[in-house]
Amino acid sequence: GSIQVGPPPPAPKKLNGKVGPKLTISLKTATGAAAKTLNAGTYRLAVKDATKVDNFHLVGPGVNKKTGVKFRGTASWTVRLKIGKYTYRSDAHRKLRRTFLVKPSPPTP
C-alpha cells in the first residue's frame, strides 16, 4: 500500500505539439499561445504528427522524446521540464527547429 502526506500534486499543465506538411512545426500552450518561455514543472504534451516525412523531437535537460519519421498519428507524453533551454525539431529537416526556455516556477503560497 501507499500513503500520501500533504496536498496532492497539481495536475500537469498541457502543451500541444504539431509537425505537419509544408515544413511546419509548432508547440503551443493550452491557451493556444506559442511556447517561448515556460515555468519548470510537469507537463502533458500531446503531439500530432501529420506527415510521414518529418517527426517531432523534443530535447532538453532530462528530456529526449520523439515520434518516428515515418510515423503519422498522435503521441502523448508526460514530461518534467527543468530550468534550461529546450529544442523541438524534425530530425529529417534541419529547418524545422525551434527553441524555448524554462524558468524557475514561481513560489507557491
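Asp49 is a buried acid without a salt bridge: the nearest side chain of opposite charge belongs to Arg72, and that is 7.3 Å away. This is a predicted model, so take Asp49 as a feature of the prediction. What Asp49 does have is the backbone nitrogen of Thr51, which lies 3.3 Å from a polar atom of the Asp49 side chain. The one salt bridge in the count sits elsewhere, between Arg89 and Asp91.

**Asp49 and its surroundings**

- Asp49 belongs to strand E4, which covers residues 41-49.
- Setting aside residues up to four places away in sequence, Asp49 touches Val19, Asp54, Asn55, Phe56, Thr67, Gly68, Phe71, Arg72 and Gly73.
- Arg72 is therefore on the contact list of Asp49, yet at 7.3 Å the charged pair doesn't make a salt bridge, because that takes a side-chain nitrogen within 4 Å of a carboxyl oxygen.
- Side chains of opposite charge can pair when their charged atoms come close.

**The salt bridge that does form**

- How many salt bridges does the count come to? Just one.
- The side chains of Arg89 and Asp91 meet there, at 3.1 Å from N to O.
- Asp91 is partly exposed, with a relative accessible area of 37%, whereas Asp49 is buried.

**E4 and its partners**

- E4 pairs with strand E1 (residues 13-20) through seven bridges, and the two run parallel.
- Within that pairing, Lys14 has Arg44 in E4 as its bridge partner.
- E4 also pairs with strand E7 (residues 73-81), this time antiparallel and through nine bridges.
- Gly41 stands opposite Leu81 of E7.

**Leu81, in strand E7**

- Is Leu81 buried or exposed? Buried, because its relative accessibility is 1% and the cut-off is under 20%.
- Beyond its neighbours within four places in sequence, Leu81 is in contact with Leu15, Leu38, Ala40, Gly41, Tyr43, Val63, Tyr86, Phe100 and Val102.
- That list includes Gly41, the residue that stands opposite Leu81 in the E4 pairing.
- Leu81 and Lys22 are 59 residues apart in sequence, and their C-alpha atoms are 29 Å apart in space.

**The loop between E1 and E2**

- Lys22 is in the loop between E1 and strand E2 (24-29), and so is Leu23.
- Which phi value does Lys22 have? Phi is near 65°, a positive value in a residue other than glycine.
- Leu23 isn't a glycine either, but has a positive phi of about 55°.
- Lys22 is exposed because its relative accessibility of 81% is over the 50% cut-off.
- Leu23 is partly exposed, at 37% relative accessibility.

**The five-stranded sheet**

- Five strands make an open sheet with mixed pairing, in the order E3-E9-E8-E5-E6.
- Strand E3 (37-39) and strand E6 (63-66) are the edges, each pairing on one side only.
- Neighbouring strands of this sheet are turned by 20° against each other on average, with direction ignored.
- In a regular strand the side chains alternate between the two faces of the sheet.

**E5 and its two neighbours**

- Strand E5 (residues 57-60) runs antiparallel to strand E8 (residues 84-89), and three bridges join them.
- Leu58 has Tyr88 in E8 as its bridge partner.
- E5 is also antiparallel to E6, with four bridges between them.
- On that side, Gly60 stands opposite Val63 in E6.
- E5 and E6 form a hairpin with two residues between them, and Gly62 in the turn has a positive phi of about 80°.

**Thr87, in strand E8**

- Thr87 lies in strand E8.
- Thr87 counts as buried because its relative accessible area is 13%, with the cut-off at under 20%.
- Which residues does Thr87 touch, leaving out those up to four places away in sequence? They are His57, Leu58, Val59, Arg97, Arg98 and Thr99.
- Among them is Leu58, whose bridge partner in E8 is Tyr88.

Methods
Residues are numbered from 1 along each chain as its sequence is written. This is a predicted model: local features need pLDDT of at least 70, side-chain atom pairs count only at pLDDT 80 or more; totals for chains, interfaces and linings use all residues. Side-chain values use heavy atoms; hydrogens and water are left out. Buried means under 20% relative accessible area, exposed over 50%, partly exposed in between (1.4 Å probe, protein chains only). Lys and Arg count as positive and Asp and Glu as negative; His and the chain ends are not counted. A polar contact is a pair of N or O atoms within 3.5 Å; within protein, one must be able to donate a hydrogen and the other to accept it, and residues adjacent in sequence count only if both atoms are side-chain atoms. Contact means heavy atoms within 4.5 Å. Two strands pair if DSSP finds at least two bridges between them. Axes are lines fitted to C-alpha atoms, for helices over the stretch in contact, and angles run from 0 to 180 degrees between N-to-C directions.
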